[in-house]
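Let's walk through this structure together, starting with the empty space inside and ending with a pair of strands. Keep the 3D view open as you read.

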Amino acid sequence: MRRKERMEDVLPGEAGGWSLGSLGAAANAVTVLRRTAWALLVAGPVLAGWALVSQPSVTAPAAPVRQEQLAAGQSAGPGGFAELFVSAYLTAGEGTEDSLAPFLPNARDVSLTADPGVQRAQEVAAVRVRLVSSGYWSVTVAARVAPAGAADGKKKPEPDEVGTGSGPVLRYFQVPVRTGTGGALAAAALPAEVGAPLSGEAPVLAYGQSVPVRSTDPAGQTLTGFFAAYLAGSGELDRYLSPGTALAAVSPAPYTQVEVDRLAEVGTNDPGSAPPQPDGARRQLLVDITASDAGGQKRPLTYAITITARDGRWEIASVEGAPVLSNEPAGAGTKETAQ
């Protein structure tokens, strides 16, 4: 009996705020705590993985994609390739067939008998690129061909006479160009000399009749001041530009004097009779000018111009990249130098 009382003294019913109850209950509590700790320990990695998976995904910035220099249907690649090939071909001769190898894979099978370097191409330009099939083009190249001395500047070229070959001659060559693995270009055969391409029909423009510019026409006065500043460096260019138009004068100025000769406008045959219009009104003009250089040489030039009304005057809204065609809607011209 005394032993039992001593145990109750050692293990009171409450110790440090915890109610222990009996020894059996305490043992059960310890077991529960131990199992809970093990469960948490085992579940830790699982919970951590779930947390990672459930986080919002963050998309990294896309890396720049390298674009191939040549895509199917593009003409810049085969056109430039054919120009280089024709230039090398015209200069090549007996013993220099290897110079064609970068363009013609089977150049080792080619046998040339002409002397190398007897003629050179002063100028070459691809004038037509026709898609034959996927990755295969027929390129027509214009070449101004001259004797080697004339091309090197050692001999003064003379006007060419038919059959003499004394001066530069404009000739045309047709080159078959194909693209292979990785976009590499190669000529399928040697160039074929052909006649000049047929000239296309003149496009029909959307402008009305071209008329001389009247000195009393406010639009003509704006155009005269604008071209003087734009091409001859006379006066400030900004004073003729509408707000928001970004345009830089030609520098150095190639001309000393500019005259505005004729004017045509979309939608009318009498552009000089337009009455004052409200702010924001726009007119599309085709302007013919004559520009004189320091030596007194005159050169005709034509510009497609859009002007806009503001505060009772006309201002330059844009210099278009091309005149408006009759089958295009008004305003479809490409702006080249103005924004």
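In this predicted model, the search for enclosed space turns up 1 cavity of 30 Å³ or more. The volume of the largest cavity is about 40 Å³. To find it on your screen, select the residues of its lining: Tyr 207, Gln 284, Leu 285, Ala 304, Ile 305, Thr 306, Glu 320, Ala 322 and Val 324. Two elements, β10 (282-292) and β11 (298-310), each give two or more residues to this lining. The biggest contributor is β11, with 3 residues. What is the chemical make-up of the lining, by nonpolar, polar and charged residues? For the largest cavity it comes to 6 nonpolar, 2 polar and 1 charged.

Now turn from the enclosed space to the open kind. The largest pocket holds about 170 Å³ of space. It is lined by 12 residues, and those closest to its centre are Pro 218, Pro 276, Gln 277, Gly 312 and Trp 314. Sorted by class, the pocket lining has 6 nonpolar, 3 polar and 3 charged residues.

Finally, move along the chain to strands β3 and β4. Strand β3 covers residues 119-133 and strand β4 covers residues 136-147, and the two pair in the antiparallel sense over 12 bridges. Within this pairing, look for Glu 123, which stands opposite Arg 144 in β4. How many residues lie between β3 and β4 in their hairpin? There are 2 residues between them, and Gly 135 in the turn has a positive phi of about 75°.

Note on methods:
Residues numbered from 1 in each chain as written. Predicted model: local features only at pLDDT ≥ 70, side-chain atom pairs only at ≥ 80, totals over all residues. Heavy atoms only, no water. Pairing = 2+ DSSP bridges. Helix = DSSP H or I, 4+ residues; strand = E, 2+ residues; numbered from the N terminus. 1 Å grid on protein atoms, 1.4 Å probe; cavity = no way out; pocket = protein on both sides within 12 Å on 5 of 7 lines; lining within 4 Å. Points joined across faces, edges and corners; volume = space filled by probe spheres on them. Nonpolar A, V, L, I, M, F, W, Y, C, P; charged D, E, K, R; others polar.
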